[in-house]
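Open the model in your viewer and keep the selection tool at hand. The stops below go from one selection to the next.

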Amino acid sequence: MDCRDAQFYLRLRHPGRDEFEPEVSAALDRHVAGCPACAAADRALGGFDKAVATAMRAVPVPDGLRDRLFADAAARRGVLLRRKTYRLAAAAASVLVVAGLFLGWYSASRPQPDTDALVMAGDELVNPLGGQKTVDQFLKSERLPALPEKFDPTLLVHTGTARVQGRDVPVLVYRTATGWAKVYAFRSTSFDTKTVRDAQQSHCTARAYPVRDGVAYVVVFTGIDLNPFLLGGGPIAMQT
């Protein structure tokens, strides 16, 4: 880890709330231990957090405030519980009325369970085409060309937009048990796509693809190898 990455992670780290991956935290600690400049920055940031915490604890609490807060919360909770009870009672009464009106009809013509439909619905949950259909529908709705790589549709966890430099950019997110890949679609009408280039940091890589149909795809992924996110090339998808 270099100083630029260390300074970035130090600004995000707070005492008692380290949300980094273990390898990131370990690399950061090693760098700080051997870099006087980053160690000084770490102490300065930690001193600021401690000063804020000390100032917050020094604020006097009025006498009886705790009891008043509990009493007010209990009163509000009682009102909400009564309202909820009234709504549930009304809903139950409505259900009983409807059930009474249509009991005869349901008794005369009860639907049979369609096991074939159940099997088809269950098959869609494990069939890769389910994820590919989602990808195809998203690309169609955003009027985007085909993706630049054959990503494994079973690893798809999100489609939507991300805010990049003040503009909404279509994005697809794929995740494995060990990392993630985000596929951004930059339109030439909003960005200068001729200047898009590859980039790499200590833990992430950005791979830019040539402009096609007015769209430049950029894939940002963990590590340096994109194969784990492609068909037939990666580990089992993370359970989400």
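Select Gln165 to begin: at 71% relative accessibility, this residue counts as exposed. The model is a predicted one. Gln165 sits in the loop between β1 and β2. Check its backbone: phi of Gln165 is near 50 degrees, a positive value in a residue other than glycine. Most residues other than glycine have a negative phi.

Now widen the selection to the strands on either side of that turn. β1 and β2 form a hairpin with 2 residues between them. Strand β2 covers residues 167-175, runs antiparallel to β1 and is joined to β1 by 8 bridges. Next to the turn, Val164 stands opposite Arg167 in β2.

Show the whole sheet next. In what order do its 6 strands lie? The order is β1-β2-β3-β6-β5-β4, the pairing is antiparallel, and the sheet is open. The edge strands are β1 (156-164) and β4 (199-200), each of which pairs on one side only. Strands of a sheet pair through backbone hydrogen bonds, so turn on the backbone atoms to follow the ladder.

Move to β5 (residues 204-208) and β6 (residues 215-222), which pair in the antiparallel sense over 5 bridges. Select Cys204 and look across to β6, where Thr222 stands opposite. Then go to Asp213, in the loop between β5 and β6. Here too phi is positive in a residue other than glycine, near 55 degrees for Asp213. Asp213 is exposed, with a relative accessible area of 66%.

Leave the sheet and select Asp5, in helix α1 (residues 3-12). Which side chain of opposite charge is nearest to Asp5? It is Arg4, 4.6 Å away; Asp5 is buried yet has no salt bridge. The cut-off for a salt bridge is 4 Å between a side-chain nitrogen and a carboxyl oxygen. Leaving aside residues up to four places away in sequence, Asp5 touches Gln201 and Ser202.

The last stop is a pair of cysteines, Cys35 and Cys38. Why is there no bond between their sulfurs? The sulfur of Cys35 has its closest cysteine sulfur in Cys38, at 3.6 Å, which is too far for a bond. A disulfide needs the two sulfur atoms within 2.5 Å. Both residues count as buried, Cys35 at 12% relative accessibility and Cys38 at 0%. The structure as a whole holds 0 disulfides.

Notes
Residues are numbered from 1 along each chain as its sequence is written. This is a predicted model: local features need pLDDT of at least 70, side-chain atom pairs count only at pLDDT 80 or more; totals for chains, interfaces and linings use all residues. Side-chain values use heavy atoms; hydrogens and water are left out. Helices (H or I, at least four residues) and strands (E, at least two) are DSSP runs, numbered from the N terminus. Buried means under 20% relative accessible area, exposed over 50%, partly exposed in between (1.4 Å probe, protein chains only). Lys and Arg count as positive and Asp and Glu as negative; His and the chain ends are not counted. Contact means heavy atoms within 4.5 Å. Two strands pair if DSSP finds at least two bridges between them.
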